[in-house]
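Open the model in your viewer and keep the selection panel at hand. The stops below run from the whole chain down to single residues.

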Amino acid sequence: MTEKFILTLSCPDEPGIVAEVSGLIATAGCNITSSNQYADTATGQFFMRVAIRPLSEPVSCDDLRARFAPVADKFGMDWAIHDASKPQRVLIMVSKFDHCLMDILYRMERGALHMEVPAVVSNHKDAYQLTASYNIAYHHWPVTPETKAEQEQKLLKLIDDEQIDLIVLARYMQVLSNKACERLAGKVINIHHSFLPSFKGAAPYQQAHEKGVKLIGATAHYVTADLDEGPIIEQNVARVNHAMEASDLVATGRDVERVTLAEALKLHLEHRVLLNGTKTVVFKP
């Protein structure tokens with residue numbers, strides 16, 4: 001890994017931002033290994049991601065934050081400096097379908113996702129053995145209308161106790177409350193098939209098969225109180241045809257879901273996704 005720290009920022013666009021940021025990094029004894037920026041002419045907002053590596057002298061993340069604060073104040077920035085060498089702590093939530101969970105755990109084990117998973121939470125027992133094979137704690141918390149509020153409180157406590165940075169809904173088929181969505185804003189990623197809102201409810205792939213669709217896909221997005229309408233991080237599609245059965249669409253759809261979720265997760269872990277109102281700015285490598 002060439003970078004040690006990642007700076008992300010957004011602020012009202014005006015001249016001099018890049019020069020001030022670059023100058024501060026240089027005077028702090030660091031080098032810029034990559035830089036991305038985007039000015040949204042519709043909103044007047046400026047977005048930037050900078051990968052930083054200290055030179056000869058050691059520089060701490062706290063020291064860099066303290067040095068950068070005056071520049072951030074000057075331009076009214078919403079900003080953060082992240083230690084890129086530290087893996088983020090990710091809580092995964094899953095129901096019965098484990099294809100996304102399996103893919104994420106495999107990629108993590110192989111080093112493709114710079115993260116650690118302290119726990120998996122599920123409202124079913126189906127993914128227990130898979131999770132146990134990675135020596136990860138598995139919390140089986142069934143959800144009913146009577147227990148939903150209690151289980152959500154347990155979830156929020158677990159997030160605090162384990163110092164969770166990000167929650168991934170890897171085909172978790174329960175809806176978080178508006179209160180939880182507000183508290184965890186920008187920290188929960190969900191995956192769903194891209195038929196919404198065309199094919200809602202049970203058996204969406206069967207519905208798509210009956211309608212003779214030619215494209216199926218998946219969308220990874222941040223969770224908000226508006227169900228499945230949060231800021232989009234990544235989307236993918238796959239072609240299907242008339243000769244395929246509904247089961248073939250399901251299999252293809254699951255492949256698209258797991259790849260799309262993994263791509264979105266990697267982008268978030270690398271601090272490449274910045275919120276822009278109801279949209280995102282994604283600085284892909």
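Start with the whole protein chain: 45% of its 285 residues count as buried (under 20% relative accessible area; exposed is over 50%, partly exposed in between; 1.4 Å probe, protein chains only). This is a predicted model, where local features need pLDDT of at least 70 and side-chain atom pairs count only at pLDDT 80 or more, while totals for chains, interfaces and linings use all residues. Residues are numbered from 1 along each chain as its sequence is written, and side-chain values use heavy atoms, with hydrogens and water left out.

**Whole chain.** Show the C-alpha trace. Along its principal axes it spans about 60 × 40 × 35 Å. Colour by secondary structure next: there are eight helices and 13 strands (DSSP runs numbered from the N terminus; helices are H or I with at least four residues, strands are E with at least two).

**The sheet.** Select the seven strands of the open sheet, in the order β7-β6-β5-β8-β9-β10-β11, with mixed pairing (two strands pair if DSSP finds at least two bridges between them). Go to the edges. β7 (137–140) and β11 each have a single partner strand, so one side of each is left without a neighbour in the sheet. At the β7 end, β6 and β7 pair in the parallel sense over four bridges. Pick A119: its bridge partner in β7 is A137.

**Helices on the sheet.** Add α5, residues 148–161. This helix packs on the sheet and touches β5, β6, β7 and β8 (contact means heavy atoms within 4.5 Å). Its direction makes about 160° with that of β5 (axes are lines fitted to C-alpha atoms, for helices over the stretch in contact; angles run from 0 to 180 degrees between N-to-C directions). Now add α8, which lies across β5, β6, β8, β9, β10 and β11 and runs at about 150° to β11.

**The largest core.** Which residues touch the most other members of the largest nonpolar core? Select I92 and M115, out of 33 residues (a core is a set of buried Ala, Val, Leu, Ile, Met, Phe, Trp, Tyr and Cys residues joined through side-chain atoms within 4.5 Å). α8 gives the most to this core, with six residues. Zoom in on I92. Beyond its neighbours within four places in sequence, its contacts include L101, I104, V117 and V168.

**Second core.** Select L9, V21, M48 and V71. They are among the 23 residues of a second, separate core.

**Last stop.** Select D228, in the loop between β10 and β11. An unreviewed UniProt entry lists D228 under "active site"; such annotations may be inferred rather than shown by experiment. D228 counts as partly exposed because its relative accessibility is 26%.
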